[in-house]
Amino acid sequence: MIPALLPTYARAPLSFVKGEGAWLIEADGRRFLDLGAGIAVNALGHAHPPLVKALTDQANALWHTSNLYQIPQQQALAETLIDLSFADTVFFTNSGTEACELAVKMARKYFFEKGQPERTDILTFSGSFHGRSSAGIAAAGSEKMTKGFGPLLPGFVHLDFADHDALNAAINDRVAAILIEPVQGEGGIRPVPDQCLKGLRDLCDEHGILLIFDEVQCGVARTGKLFAHEWAGVSPDIMMVAKGIGGGFPIGAVLATEEAASGMVLGTHGSTYGGNPLGCAVGRAVLDEVADPAFLDAVNRKAGMFRQKLEGLIAEHPEVFESVRGSGLMLGIKCKAANTDIVSAGYDALVLTVPAADNVIRLLPPLNISEDEIAEAISRLDAAATAVKAA
Ligand SMILES: *Cc1c(COP(=O)(O)O)cnc(C)c1O
């Protein structure tokens with residue numbers, strides 16, 4: 001008999017009743033150190049007081065009105081994002097994959113309005129992840145995500161990650177956009193080198209192609225800059241954001257330049273819930289904290305400390321771990337033992353990590369994790385590695 005919940009997830013046998021900062025607590029009182037943060041969502045940890053206040057104040061005032069009317073919280077969050085980024089305009093969604101849908105529509109509409117309706121192709125890269133909508137799975141293109149779901153949305157050209165020759169060969173006058181995560185998340189915490197992001201920008205400028213960055217996982221201070229692409233000193237034409245910006249409340253966004261957004265005129269897109277007052281009130285409270293240069297400095301300091309301690313941990317468990325990689329507090333440990341075994345051993349050691357492709361475990365702690373908690377994380381990961389080795 002089919003379970004009450006459609007059985008698409010492999011859930012761990014854990015269930016939490018309460019969250020406090022970097023900690024998740026089960027009904028029996030067991031406290032887990034949360035290095036997953038809801039997959040890079042709880043950017044400020046659980047039950048962060050300013051976010052709880054922003055949400056409850058807004059909940060007491062007004063939940064939903066629809067985009068038939070002005071939504072001041074949405075206007076304010078858009079203006080904040082514009083002040084803090086390359087963008088001139090913002091559309092709010094409820095999730096990352098909805099942001100992918102709009103990014104693809106926006107790029108195609110741009111060329112349609114420019115009188116180049118044949119320019120519809122989007123170049124994407126192996127190991128990428130853009131969510132589970134029809135555009136999202138077609139963009140990523142992996143068999144795991146697409147098999148059985150055909151016919152797939154056409155117009156995506158899949159290239160090997162880091163294959164420059166294939167990229168250059170794929171440039172032609174049907175290409176509308178290049179879509180890339182500056183740091184791949186699900187693909188195994190694989191940062192795109194700064195010089196490659198610069199090269200992509202140059203290539204796009206040279207051929208009049210739009211550059212789309214998917215910062216759903218790596219954005220919103222995760223890498224120690226508000227947006228990951230800032231490290232490379234280049235900006236996209238269109239950017240997808242979600243996960244961290246809501247701190248746990250579902251909200252996503254597409255940010256774009258005026259030029260890239262120019263085809264998206266009255267009536268061309270919409271969303272019932274997108275940009276609702278609750279999500280936008282929380283989003284502003286998140287940005288108030290994470291966009292502060294002092295907060296970003298602290299993320300970078302903690303990231304340096306975490307990484308250094310992880311190097312030591314890896315050196316002590318060469319049979320289990322291989323290397324550390326990533327950017328800021330978006331860290332991955334490439335494993336020798338099976339990553340899922342290490343994640344499971346972490347449950348027994350009361351530490352939560354997230355598996356990713358390429359036999360990696362992801363460490364995506366709340367960005368306000370303390371130095372003591374990082375030290376505690378290392379000792380619990382050490383216990384997990386010791387248990388895996390003994391098994
Ligand atoms: C999680 C993720 C998405 C999809 O976001 P959802 O909110 O699950 O739809 C898209 N792109 C990247 C890079 C992600 O990590």
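The exercises below, each with a worked solution, introduce a predicted model.

Residues are numbered from 1 along each chain as its sequence is written. Because the model is predicted, local features need pLDDT of at least 70 and side-chain atom pairs count only at pLDDT 80 or more, whereas totals for chains, interfaces and linings use all residues; side-chain values use heavy atoms, with hydrogens and water left out.

**Exercise 1. Find into which domains the protein is divided, and how many residues of each take part in their contact.**

Solution. Begin with the bounds, which come from an automatic or database domain assignment: domain 1 covers 50–290 and domain 2 covers 293–361. The C-alpha centres of domain 1 and domain 2 are 26 Å apart. Turn then to the contact, a term that means heavy atoms within 4.5 Å: domain 1 supplies 20 residues and domain 2 supplies 16 residues.

**Exercise 2. Work out where the largest nonpolar core lies, and which of its residues touch the most other members.**

Solution. A nonpolar core is a set of buried Ala, Val, Leu, Ile, Met, Phe, Trp, Tyr and Cys residues joined through side-chain atoms within 4.5 Å, and buried means under 20% relative accessible area, exposed over 50%, and partly exposed in between, for a 1.4 Å probe and protein chains only. The largest core has 65 residues, and Phe-306, Leu-310 and Phe-321 are those that touch the most other members. Its largest share, nine residues, is contributed by H10. Since domain 1 (50–290) and domain 2 (293–361) both give residues to this core, it lies between them. To look at one member, take Leu-310, which, leaving out residues up to four places away in sequence, touches Val-324, Leu-331, Ile-333, Leu-363, Ile-378 and Leu-381. Apart from this core lies another, of 26 residues, and Phe-156, Leu-179, Ile-238 and Met-240 are among them.

**Exercise 3. State how many salt bridges the structure holds, and trace which parts the pairs Arg-301 with Glu-371 and Arg-325 with Asp-358 tie together.**

Solution. A salt bridge is a side-chain nitrogen of Lys or Arg within 4 Å of a carboxyl oxygen of Asp or Glu, and the structure holds 16 of them. In the first pair, the closest N and O atoms of Arg-301 and Glu-371 are 3.5 Å apart. Arg-301 belongs to helix H10 (residues 293–316) and Glu-371 to helix H12 (residues 371–390), so this pair ties together parts that are 70 residues apart in sequence; helices (H or I, at least four residues) and strands (E, at least two) are DSSP runs, numbered from the N terminus. In the second pair, the side chains of Arg-325 and Asp-358 meet at 2.8 Å, N to O. Arg-325 sits in strand S13 (residues 321–327) and Asp-358 in the loop between strand S16 (354–356) and strand S17 (360–363), so parts that are 33 residues apart in sequence are tied together. Arg-325 is buried at 19% relative accessibility, whereas Asp-358, at 37%, is partly exposed.

**Exercise 4. Place Val-282 in the fold: is Val-282 buried or exposed, and with which residues is Val-282 in contact?**

Solution. Val-282 lies in helix H9 (residues 277–290), and with a relative accessible area of 4% Val-282 is buried. Leaving aside neighbours within four places in sequence, Val-282 is in contact with Leu-51, Ala-54, Leu-55, Gly-246 and Phe-249. Of these, Ala-54 is 228 residues away along the chain, yet the C-alpha atoms of Val-282 and Ala-54 are separated by 5.6 Å.

**Exercise 5. Locate the cis peptide bond, and identify what Ala-47 and Leu-350 have in their phi angles.**

Solution. The background is that most residues other than glycine have a negative phi, and most peptide bonds are trans. The cis bond joins Gly-150 and Pro-151, with omega about -5 degrees, and Pro-151 is in the loop between helix H6 (143–146) and strand S6 (156–159). Ala-47, although not a glycine, has a positive phi of about 55 degrees and is found in the loop between helix H1 (37–40) and helix H2 (49–61). Leu-350, also not a glycine, has a positive phi of about 60 degrees; Leu-350 lies in the loop between helix H11 (339–348) and strand S15 (351–352), and is partly exposed at a relative accessible area of 21%.
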